[in-house]
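Colleague: I am new to this structure and would like to learn how to read it, one feature at a time. Could we look at it together?

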Amino acid sequence: MASAANANLNAVRETMDVLLEMSRLLNTGLDMESLSICVRLCEQGINPEALASVIKELRKASESLKTSENCAS
């Protein structure tokens, strides 16, 4: 039983490593934690395209806030 759990854990780690490498090759800017959250959301039925749109909008909003803070300084 323990060896099956270890094999499953190793498979999950390997999958996440591959996904992280793909993410880096595509210049997504996602770290392992963010990517892991995205994968879990997709596994729970969230539309991946909608999730990508939300991430893009959040990045735009964050950049906009940073720019406005720098202008105010």
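Colleague: What radius of gyration does the protein have, and what would a compact globule of 73 residues have?

Modeller: Please keep in mind that this is a predicted model. A compact globule of 73 residues would have a radius of gyration near 11 Å, whereas the protein has 17 Å. The box that holds its C-alpha atoms, taken along the principal axes, comes to roughly 60 × 25 × 20 Å.

Colleague: How many helices and strands are there in the protein?

Modeller: The protein contains 3 helices and 0 strands, and reading along the sequence gives the pattern α-α-α. Helix 1 covers residues 2-25, helix 2 covers 32-43, and helix 3 covers residues 48-72.

Colleague: What share of the residues of the protein count as buried?

Modeller: Burial is read from relative accessible area, where under 20% counts as buried and over 50% as exposed. By that reading, 10% of the 73 residues count as buried. The accessible surface of the whole protein is about 6,100 Å², and 58% of that surface belongs to carbon and sulfur atoms.

Colleague: Let me try a single residue: is Ser23 buried or exposed?

Modeller: Ser23, which lies in helix 1, counts as buried because its relative accessibility is 5%, and the cut-off for buried is under 20%. If its neighbours within four places in sequence are left aside, Ser23 is in contact with Thr28, Leu30 and Leu35.

Colleague: Where is Asn27 found, and what is its phi?

Modeller: Asn27 sits in the loop between helix 1 and helix 2. Its phi is near 55 degrees, which is a positive value in a residue other than glycine. With a relative accessibility of 67%, Asn27 counts as exposed.

Colleague: Turning to charge, how many positive and negative side chains does the protein have?

Modeller: There are 7 positive and 10 negative side chains, and the centres of these two sets lie 2 Å apart. To look for pairs among such groups, one asks whether a side-chain nitrogen of Lys or Arg comes within 4 Å of a carboxyl oxygen of Asp or Glu. A search of the whole structure on that basis finds 1 salt bridge.

Colleague: Which side chains meet in a salt bridge?

Modeller: The partners are Glu57 and Lys60, with a distance of 3.7 Å from N to O. Where they sit along the chain is worth noting, because Glu57 and Lys60 are 3 residues apart in helix 3 and so are separated by about one helical turn. As for accessibility, Glu57 counts as partly exposed at 48%, while Lys60 is exposed, with a relative accessible area of 55%.

Colleague: Distance along the chain and distance in space can be read side by side, so how many Å separate the C-alpha atoms of Asn70 and Asn47?

Modeller: These two residues are 23 residues apart along the chain, and their C-alpha atoms are separated by 35 Å. Asn70 is found in helix 3 and is exposed, with a relative accessible area of 59%. For another pair, take Pro48 and Ala11, which are 37 residues apart along the chain and whose C-alpha atoms are separated by 22 Å. Pro48 also lies in helix 3, and at 52% relative accessibility it counts as exposed.

How values were computed
Residues numbered from 1 in each chain as written. Predicted model: local features only at pLDDT ≥ 70, side-chain atom pairs only at ≥ 80, totals over all residues. Heavy atoms only, no water. Helix = DSSP H or I, 4+ residues; strand = E, 2+ residues; numbered from the N terminus. Rg over C-alpha atoms; globule rule 2.2 N^0.38 Å. Buried < 20%, exposed > 50% of the residue type's maximum accessible area, 1.4 Å probe, protein only. Areas by Shrake-Rupley, 256 points an atom, 1.4 Å probe, with all protein chains shown as cover. Lys, Arg positive; Asp, Glu negative; His and termini not counted. Charge placed at Lys NZ, Arg CZ, Asp CG, Glu CD. Contact = heavy atoms within 4.5 Å.
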